[in-house]
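I opened this structure to see what could be looked up in it. My entries follow in the order I made them.

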Amino acid sequence: MTTQKIAFATRIDAETLADTFGTAPKAVVVSVRDGREVAREVRDKPFHEPHDHPHHGEHAEHDPQHDGPGANFAVITDCQALVTRKIGPPGAQQPQVVGAA
């Protein structure tokens, strides 16, 4: 009885799929065992760019070690699959995506 985790890239309501993984503020992680949901958790993604806020303010600090696609995928590294409408080029280059089914 192996438990698998599936991540869903969602909007702020944690119910609606986001347009892209990069703009999703949340990841809903569903644990499935024997075809049934056994747990669900909502995880905040550390970095996202909503369409109505395309860039950080000019005075915002940017830390490449903790921002961007790598930080986004860090919250779902224990998941075996990701459900999203779209993954852009930065996200598609992340090693974790290759392992997602």
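**Entry: Thr10.** I listed the contacts of Thr10, leaving out residues up to four places away in sequence. Thr10 touches Glu15, Thr16, Leu17 and Ala18, and also Ala24, Pro25, Lys26, Ala27 and Val28. I note that the model is a predicted one. I placed Thr10 in strand β1. Is Thr10 buried or exposed? Its relative accessibility is 3%, so I count Thr10 as buried, the limit being under 20%.

**Entry: the sheet.** I then looked at how the strands are arranged. Four strands make an open sheet in the order β3-β2-β1-β4, and the pairing is mixed. Which strands are at the edges? They are β3 and β4, each of which pairs on one side only. From one strand to the next, the twist averages 25 degrees. I reminded myself that strands of a sheet pair through backbone hydrogen bonds, either parallel or antiparallel. For β2 and β3 the sense is antiparallel, with 8 bridges between them. I picked out Val32 and found its bridge partner in β3 to be Glu37.

**Entry: the nonpolar core.** I searched for nonpolar cores and noted the largest, which has 12 residues. Its members are Ala7, Ala9, Ala18, Phe21, Ala24, Ala27, Val29, Phe73, Val75, Ile76, Cys79 and Leu82. Which elements give two or more residues to this core? I found β1 and β2, the latter covering residues 26–33.

I followed one core member, Val29, further. Leaving out residues up to four places away in sequence, Val29 touches Lys5, Ile6 and Ala7. The list for Val29 also holds Ala39, Arg40, Glu41, Arg43 and Cys79.

**Entry: salt bridges.** How many salt bridges does the whole structure hold? My search found 6. I wrote up three of the pairs.

The side chains of Lys5 and Asp78 form a salt bridge, at 2.9 Å from N to O. This pair links distant parts of the chain, 73 residues apart. Lys5 is in strand β1 (residues 3–10), and Asp78 is in the loop between α1 (69–74) and β4 (81–83). Lys5 has a relative accessibility of 23% and counts as partly exposed. Asp78, with a relative accessible area of 29%, is partly exposed as well.

Asp78 also meets Arg43 in a salt bridge, at 2.8 Å from N to O. Arg43 lies in strand β3 (residues 36–44) and Asp78 in the loop between α1 and β4, so this pair ties together parts that are 35 residues apart in sequence. Why do I call Arg43 buried? Its relative accessible area is 13%, and buried means under 20%, so Arg43 falls below the limit.

I checked whether these pairs belong together. Lys5, Glu41, Arg43 and Asp78 are linked in a network of salt bridges. Among these residues, Lys5, Glu41 and Arg43 are on the contact list of Val29.

The third pair I wrote up is Asp19 with Arg11, whose closest N and O atoms are 3.2 Å apart. Asp19 counts as partly exposed at 34% relative accessibility. Arg11, at 37%, counts as partly exposed too.

Technical notes: Residues are numbered from 1 along each chain as its sequence is written. This is a predicted model: local features need pLDDT of at least 70, side-chain atom pairs count only at pLDDT 80 or more; totals for chains, interfaces and linings use all residues. Side-chain values use heavy atoms; hydrogens and water are left out. A salt bridge is a side-chain nitrogen of Lys or Arg within 4 Å of a carboxyl oxygen of Asp or Glu. Buried means under 20% relative accessible area, exposed over 50%, partly exposed in between (1.4 Å probe, protein chains only). A nonpolar core is a set of buried Ala, Val, Leu, Ile, Met, Phe, Trp, Tyr and Cys residues joined through side-chain atoms within 4.5 Å. Contact means heavy atoms within 4.5 Å. Two strands pair if DSSP finds at least two bridges between them. Axes are lines fitted to C-alpha atoms, for helices over the stretch in contact, and angles run from 0 to 180 degrees between N-to-C directions.
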